[in-house]
Amino acid sequence: MSSGDVRLANHLNCVAYVKRLLKKDRDVKKILRALKGENWDIAIRCLRCEGDAFRGGYDSREKSIVLCENHLQREDTIRKTLKHELIHAFDDDRGEIDWDNPRDLARTEIRASRLSGECDLMSEMRRWSVHRWPEMLRERWARKNWEDSCVLRRAAGSVFSSGTVGSKEEAARVVKRAFDMETSADRSPL
Ligand SMILES: [Zn+2]
């Protein structure tokens, strides 16, 4: 296939999966229902993203979600990325986020990582090279909730790439503090 064909195939693939998820996925439908209850509309777009840093994003000003069609080719990863971004949209809709405040960002990133399913075991195994699986498994099982090490790591990565903190260490600190302050995990609207 030519590169133009690949681009077109990626786009059509992403659009078809999104369409199916909007119609059939229980969690996606639940979040959308919670948003639409307030007559709140959201645009979901499959686009080509430059660079390798992002899989998707939520734009609070435009009320839109972008899914990076060149990085997301499997239905499962599209589902998890879409759910992640929809959780940000839901938190935005609740009026809980000042997007320039790292503490608010940490809270919504923790929820998005936890509720999207991106920290389940299969997703983690795909991210880690095989020779590091024992390390990853040890880290996961050292915690009461075995997904927490992934949630903390991914939320810190997102807070750092938002540019609201000066270093990766600061991002990790802000996320850990937000995480420790939770009295119980807020799973709304799921
Ligand atoms: Zn996020």
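Among contacts in the protein chain between residues at least 6 apart in sequence, what percentage join residues at least 24 apart? In this predicted model, the share is 62%.

## Overall fold

The protein chain of this predicted model contains eight helices and three strands, and, read from one end of the sequence to the other, these elements follow the pattern α-α-β-β-β-α-α-α-α-α-α. Buried residues account for 32% of the 190 residues in the protein chain.

The C-alpha atoms of the protein chain fill a box of roughly 45 × 45 × 35 Å when the box is taken along the principal axes. A compact globule with 190 residues would have a radius of gyration near 16 Å, and the value of 17 Å for the protein chain therefore agrees with that expectation.

## The three-stranded sheet

The three strands form an open sheet in the order E1-E3-E2, and the pairing within this sheet is mixed. Strand E1 (43-47) and strand E2 are the edge strands, each of which pairs on one side only. Neighbouring strands of this sheet are turned by 20° against each other on average, with direction ignored.

On one side of the sheet order, E1 and E3 pair in the parallel sense over five bridges; in this pairing Ala-43 stands opposite Ser-64 in E3, and Arg-45 stands opposite Val-66 in E3. E2 and E3 (residues 64-68), by contrast, pair in the antiparallel sense over four bridges, and here Gly-56 stands opposite Leu-67 in E3. Four of the five residues of E3 are buried, so this strand is largely enclosed by the rest of the structure.

## Strand E2 and its hairpin turn

Strand E2 covers residues 56-59 and has two faces that differ in cover: Gly-56 and Tyr-58 belong to the covered face, whereas Gly-57 and Asp-59 belong to the uncovered one. E2 and E3 form a hairpin, with four residues between the two strands.

Lys-63, found in the loop between E2 and E3, has a positive phi of about 50° although this residue is not a glycine. Most residues other than glycine have a negative phi. Is Lys-63 buried or partly exposed? Since a residue needs 20 or more other C-beta atoms within 10 Å to be buried and 12 or fewer to be exposed, Lys-63, with 15 C-beta neighbours inside 10 Å, counts as partly exposed.

## Helices that lie across the sheet

Helix H1 (residues 3-24) lies across E1 and E3, and runs at about 155° to E1. Helix H3 (residues 75-93) lies across E2 and E3, and runs at about 20° to E2. Strand E3 is thus named in the description of each helix, with H1 lying across E1 and E3 and H3 lying across E2 and E3.

## The pair H7 and H8

Two packed helices are described by the angle between their axes and the distance between the axes. Helix H7 (residues 148-161) and helix H8 (residues 168-181) pack at an angle of about 125°, with their axes 8 Å apart. An angle that is neither under 35 degrees, nor over 145, nor from 65 to 115 counts as oblique, and H7 and H8 are therefore oblique to each other.

H7 passes H8 in a right-handed crossing. On the H7 side the contact is made by Leu-152, Ala-155, Ala-156, Val-159 and Phe-160, and on the H8 side by Lys-168, Ala-171, Ala-172, Val-174, Val-175, Lys-176 and Phe-179.

## Asp-25 and the end of the chain

Asp-25 lies in the loop between H1 and helix H2 (26-36), and, with 18 C-beta neighbours inside 10 Å, this residue counts as partly exposed. How many residues apart in sequence are Asp-25 and Leu-190? They are 165 residues apart in sequence, and their C-alpha atoms are 12 Å apart in space.

The segment after H8 contains Pro-189, which is joined to Ser-188 by a cis peptide bond with an omega of about 5°. Most peptide bonds are trans.

Conventions:
Residues are numbered from 1 along each chain as its sequence is written. This is a predicted model: local features need pLDDT of at least 70, side-chain atom pairs count only at pLDDT 80 or more; totals for chains, interfaces and linings use all residues. Two strands pair if DSSP finds at least two bridges between them. The radius of gyration is taken over C-alpha atoms; the globule rule is 2.2 Å times the number of residues to the power 0.38. Two residues are in contact if their C-beta atoms, placed from the backbone, lie within 7 Å. Axes are lines fitted to C-alpha atoms, for helices over the stretch in contact, and angles run from 0 to 180 degrees between N-to-C directions. A crossing is left-handed if the near helix is turned anticlockwise from the far one by less than a right angle, and right-handed if clockwise.
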